[in-house]
Amino acid sequence: MIEPSHLFECSLADNVFIGPFVEIQRGVSVGAHTRIQSHSLIREYVEIGSHCFIGHGVMFVGNGFANSGELSSKRHAVVGNNVSIGSNATILPVRICDGCVIGAGAVLTKDALERGIYAGNPARLLRSLV
């Protein structure tokens with residue numbers, strides 16, 4: 001971990017790299033050999049697998065307030081293993097399967113359930129990876 005970073009009640013496996021100015025909130029789990037670059041925000045309860053790369057300025061955003069006005073944390077992002085997320089991508093509370101590539105600047109609003117390359121705003125599958 002490179003200082004200054006803010007880690008709040010999260011779980012980091014072996015050989016995780018955390019760049020400077022990263023905030024990881026409570027309940028987050030990060031798998032082994034994952035790299036999280038500078039200026040990224042990992043919101044509560046996000047799950048990140050092993051051997052992942054999270055680029056500079058990636059934002060995992062929560063689902064905000066439920067209809068009742070109370071903070072809702074029922075859904076959160078789940079990132080599989082061997083996933084690469086490009087710089088300045090925004091990840092909503094979605095599931096990303098193993099081996100996906102999320103392009104720089106992408107806004108992922110729906111689950112990425114097929115191994116492939118996703119890009120755009122909103123992000124869509126550009127090419128499958130076998």
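These legends describe close-up views of a predicted model.

**View 1. Seven strands form an open sheet with mixed pairing.** The strand order is β3-β6-β9-β12-β15-β17-β18. Two strands stand at the edges: β3, residues 17–18, and β18. Each edge strand has a single partner, so one side of each is left without a neighbour in the sheet. Strands of a sheet pair through backbone hydrogen bonds, either parallel or antiparallel. The next two views show examples from this sheet.

**View 2. Strand β15 is joined to β12 and to β17.** β15 covers residues 101–102. On one side is β12, residues 84–85, which runs parallel to β15 and is joined to it by 2 bridges. I85 stands opposite I102 in that pair. β15 also runs parallel to β17, residues 116–120, again with 2 bridges. Here I102 stands opposite Y118 of β17. I102 thus appears in both pairings, facing I85 and Y118.

**View 3. β17 and β18 form a hairpin.** The hairpin has 2 residues between its strands. β18 spans residues 123–128. It runs antiparallel to β17, and 5 bridges join the two. One of the facing pairs is I117 and R127, with R127 in β18. β18 is also an edge strand of the seven-strand sheet, with a single partner strand.

**View 4. I102 belongs to the largest nonpolar core.** This core has 30 residues. I48, F60, I85, I91, I96 and I102 touch the most other members. In soluble globular proteins, nonpolar side chains tend to be buried together. What does I102 touch, not counting residues up to four places away in sequence? The list is S84, I85, G86, A89, I91, I96, L108 and Y118. Among them, I85 and Y118 also stand opposite I102 in the neighbouring strands, I85 in the pairing of β12 with β15 and Y118 in β17.

**View 5. Five strands form a second open sheet, with parallel pairing.** Their order is β2-β5-β8-β11-β14. β2, residues 11–12, and β14, residues 95–96, stand at the edges. Each has a single partner strand, so one side of each is left without a neighbour in the sheet. β14 pairs with β11 over 2 bridges, in the parallel sense. V78 has R95 of β14 as its bridge partner.

**View 6. S38 sits in a loop and is buried.** The loop runs between β6, residues 35–36, and β7, residues 41–42. S38 has a relative accessible area of 11%. Buried means under 20%, so S38 falls in that class. The side chain of S38 makes a polar contact with the side chain of H39, at 3.1 Å. Leaving aside residues up to four places away in sequence, S38 touches G19, P20, V22, G55, H56 and G57.

**View 7. E44 and R26 form a salt bridge.** A search of the whole structure finds 2 salt bridges. In this one, the closest N and O atoms are 2.8 Å apart. The pair links distant parts of the chain, 18 residues apart. E44 lies in the loop between β7 and β8, residues 47–48. R26 lies in the loop between β4, residues 23–24, and β5, residues 29–30. E44 is partly exposed, at 26% relative accessibility. R26 is also partly exposed, at 38%.

**View 8. R75 and D111 meet in a salt bridge.** The N to O distance is 3.0 Å. This pair also links distant parts of the chain, with the two positions 36 residues apart in numbering. R75 is in the loop between β10, residues 59–60, and β11, residues 78–79. D111 is in the loop between β16, residues 107–108, and β17. Buried or exposed, or in between? R75 is partly exposed, at 39%, and D111 is partly exposed, at 31%.

**View 9. The cysteines form 0 disulfides.** Why is C10 not bonded to C52? The sulfur of C52 is the closest cysteine sulfur to that of C10, but it is 15 Å away, too far for a bond. C10 is partly exposed, at 23% relative accessible area. C100 is in no disulfide either. The nearest cysteine sulfur to C100 is that of C97, 3.5 Å away. A disulfide needs sulfur atoms within 2.5 Å, so this pair does not count. C100 is buried, with 0% relative accessibility.

Technical notes. Residues are numbered from 1 along each chain as its sequence is written. This is a predicted model: local features need pLDDT of at least 70, side-chain atom pairs count only at pLDDT 80 or more; totals for chains, interfaces and linings use all residues. Side-chain values use heavy atoms; hydrogens and water are left out. Two strands pair if DSSP finds at least two bridges between them. Helices (H or I, at least four residues) and strands (E, at least two) are DSSP runs, numbered from the N terminus. A nonpolar core is a set of buried Ala, Val, Leu, Ile, Met, Phe, Trp, Tyr and Cys residues joined through side-chain atoms within 4.5 Å. Buried means under 20% relative accessible area, exposed over 50%, partly exposed in between (1.4 Å probe, protein chains only). Contact means heavy atoms within 4.5 Å. A polar contact is a pair of N or O atoms within 3.5 Å; within protein, one must be able to donate a hydrogen and the other to accept it, and residues adjacent in sequence count only if both atoms are side-chain atoms. A salt bridge is a side-chain nitrogen of Lys or Arg within 4 Å of a carboxyl oxygen of Asp or Glu.
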